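The following note sets out several points for a colleague reading this structure. It takes up helix packing, a sheet, backbone geometry and a database annotation.

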Amino acid sequence: MAQVTIRGVRKTFGAVDVIHGVDLDITDGEFVVLVGPSGCGKSTLLRMIAGLETISAGTIQIGDRVVNHLPPAQRDIAMVFQNYALYPHMTVADNMAFALKLRKTDAATVNDRVQRAADILGLKPYLARYPRQLSGGQRQRVAMGRAIVRDPQVFLFDEPLSNLDAKLRVQMRTEIKELHQRLKTTTIFVTHDQIEAMTMADRIVVMHDGIIEQIGTPLELYDSPRNLFVAGFIGSPAMNFLKGNAKGDGSVEVGGARLPVAGRHSVTDGQPVVYGIRPEHLELANDGFPAKVAVIEPTGSETMVVVRVGEEEVVALFRERHQFAPGQTVHLRPRVDQVHLFDSQSGQRV
């Protein structure tokens with residue numbers, strides 16, 4: 001196992017910059033998730049760590065070695081891709097053992113490592129099967145087993161769950177997290193799905209347009225987003241954003257309604273701001289602001305209600321059972337201690 005240190009890493013394709021000077025420290029045994037929308041540079045950064053992309057500037061260090069010019073085979077990493085990339089003419093056991101056999105590892109060691117990985121991943125009954133005889137989840141476990149047998153310093157996962165159905169994705173999230181807890185191997189996981197990031201990571205790295213917007217634990221990013229992008233990207237359903245103007249009495253005026261603000265926000269009277277509140281932090285109250293119900297979406301354990309406040313659309317989430325009807329006027333009160341204010345121009349939290 002080893003720490004990964006990234007300093008000033010840049011990547012350009014011709015005249016186009018896709019990674020803009022990234023700095024990141026990943027500690028030994030940590031599970032870090034790189035998350036962001038398509039095109040943010042997360043997969044490119046992972047491929048540079050793996051040695052599949054050249055580095056335009058900066059350094060990447062795995063353990064005590066700078067690996068900028070080392071080929072992938074010499075970096076002591078193992079990568080699991082979105083595509084399982086299994087050899088169809090080989091059995092599960094042969095697929096898992098292939099990399100070790102290429103290294104001319106002795107047969108006893110190969111068998112021992114394959115059996116150990118199969119035991120960890122519940123693949124022992126399938127070792128003699130071919131990939132075509134396996135389900136999608138079983139194939140993904142074989143791809144993970146192929147990485148485990150190499151006993152690398154770092155695991156790299158590039159959106160490995162994207163091809164699975166929703167139920168299987170939840171199951172595989174749990175299996176990958178349990179695998180990390182057993183092996184304690186440094187792991188870097190790339191995904192565009194913030195739910196995967198929240199449920200799996202020790203720390204999340206939120207990327208956007210080739211830069212790191214914020215790094216923190218899942219709850220740090222959820223409770224204290226640095227800017228509008230992080231606040232809107234982390235959380236499902238997303239945080240509500242209401243454009244308004246700060247008032248000297250400690251409120252924000254939004255479409256004629258006065259919304260409360262905690263005293264910890266430093267704003268000036270009349271300052272254009274964005275008022276952020278998560279759907280679960282809105283509650284029904286007679287002294288709340290009026291809103292017209294547009295859509296009701298019951299899920300059983302929760303009810304999501306889309307309402308309109310002037311021209312703004314707001315989502316509220318209730319665990320309690322309420323009777324709503326389209327067109328009905330309800331009164332919502334934000335929990336003041338959960339309000340976030342952002343500067344309208346910079347997007348930064350104030």
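At what angle do the axes of helix α2 and helix α3 cross, and within what distance do they come? The points below begin with that pair; the model is a predicted one.

1. Helices α2 and α3. Helix α2 spans residues 92–102 and helix α3 residues 107–121; their axes cross at roughly 135 degrees and come within 10 Å. The two helices are therefore oblique to each other, since only an angle over 145 degrees would count as roughly antiparallel. In the crossing, which is right-handed, α2 passes α3. On the α2 side the contact involves Ala93, Met96, Ala97, Leu100 and Lys101, and these meet Val110, Arg113, Val114, Ala117 and Ala118 of α3. By class, the residues of this contact are eight nonpolar and two charged, with no polar ones.

2. Helices α2 and α4. Helix α2 also packs against α4, at an angle of about 35 degrees and with the axes 7 Å apart. Here too α2 passes its partner, α4, in a right-handed crossing. Val92, Asn95 and Met96 are the contributors from α2, while α4 supplies Val142, Gly145 and Arg146. Three of the residues in this contact are nonpolar, two are polar and one is charged. Met96 of α2 thus appears in the contact with α3 and in the contact with α4.

3. Helices α4 and α5. Helix α4 (residues 136–148) packs with helix α5 (residues 166–183) at about 20 degrees, and their axes are 11 Å apart. This pair is therefore roughly parallel, the angle being under 35 degrees. The crossing in which α4 passes α5 is right-handed. From α4, the residues Gly136, Gly137, Gln140, Arg141, Met144 and Ile148 take part; they meet Leu168, Gln171, Met172, Glu175, Ile176, Leu179 and Leu183 of α5. The contact comprises seven nonpolar, four polar and two charged residues.

4. The five-stranded sheet. Five strands form an open sheet in the order β13-β12-β11-β14-β19, and the pairing is antiparallel. At its edges are β13 (257–260) and β19 (340–343), each of which pairs on one side only. From one strand to the next the twist averages 45 degrees. Strand β12 (residues 251–254) runs antiparallel to β13 and is joined to β13 by four bridges. In this pairing Ser251 is placed opposite Pro260 of β13.

5. Backbone geometry. Two sites merit inspection in the displayed model. Most residues other than glycine have a negative phi, and most peptide bonds are trans. Glu159, which is not a glycine, has a positive phi of about 45 degrees; this residue lies in the loop between β7 (154–158) and α5. The peptide bond from Ser236 to Pro237 is cis, its omega being near 0 degrees. Pro237 is located in the loop that lies between α8 (228–233) and β11 (240–247), and β11 is one of the strands of the sheet described above.

6. Annotated region. An unreviewed UniProt entry carries the annotation "domain: ABC transporter" for residues 4–234. Within residues 4–234, the chain is 37% helix and 26% strand. The C-alpha atoms at the two ends of this stretch are 25 Å apart.

Definitions and conventions:
Residues are numbered from 1 along each chain as its sequence is written. This is a predicted model: local features need pLDDT of at least 70, side-chain atom pairs count only at pLDDT 80 or more; totals for chains, interfaces and linings use all residues. Side-chain values use heavy atoms; hydrogens and water are left out. Axes are lines fitted to C-alpha atoms, for helices over the stretch in contact, and angles run from 0 to 180 degrees between N-to-C directions. Angles under 35 degrees count as roughly parallel, over 145 as roughly antiparallel, 65 to 115 as roughly perpendicular and the rest as oblique. A crossing is left-handed if the near helix is turned anticlockwise from the far one by less than a right angle, and right-handed if clockwise. Contact means heavy atoms within 4.5 Å. Ala, Val, Leu, Ile, Met, Phe, Trp, Tyr, Cys and Pro count as nonpolar, Asp, Glu, Lys and Arg as charged, and the others, Gly among them, as polar. Two strands pair if DSSP finds at least two bridges between them. UniProt positions are given in the numbering used here, feature names are shortened, and annotations may be inferred rather than shown by experiment.
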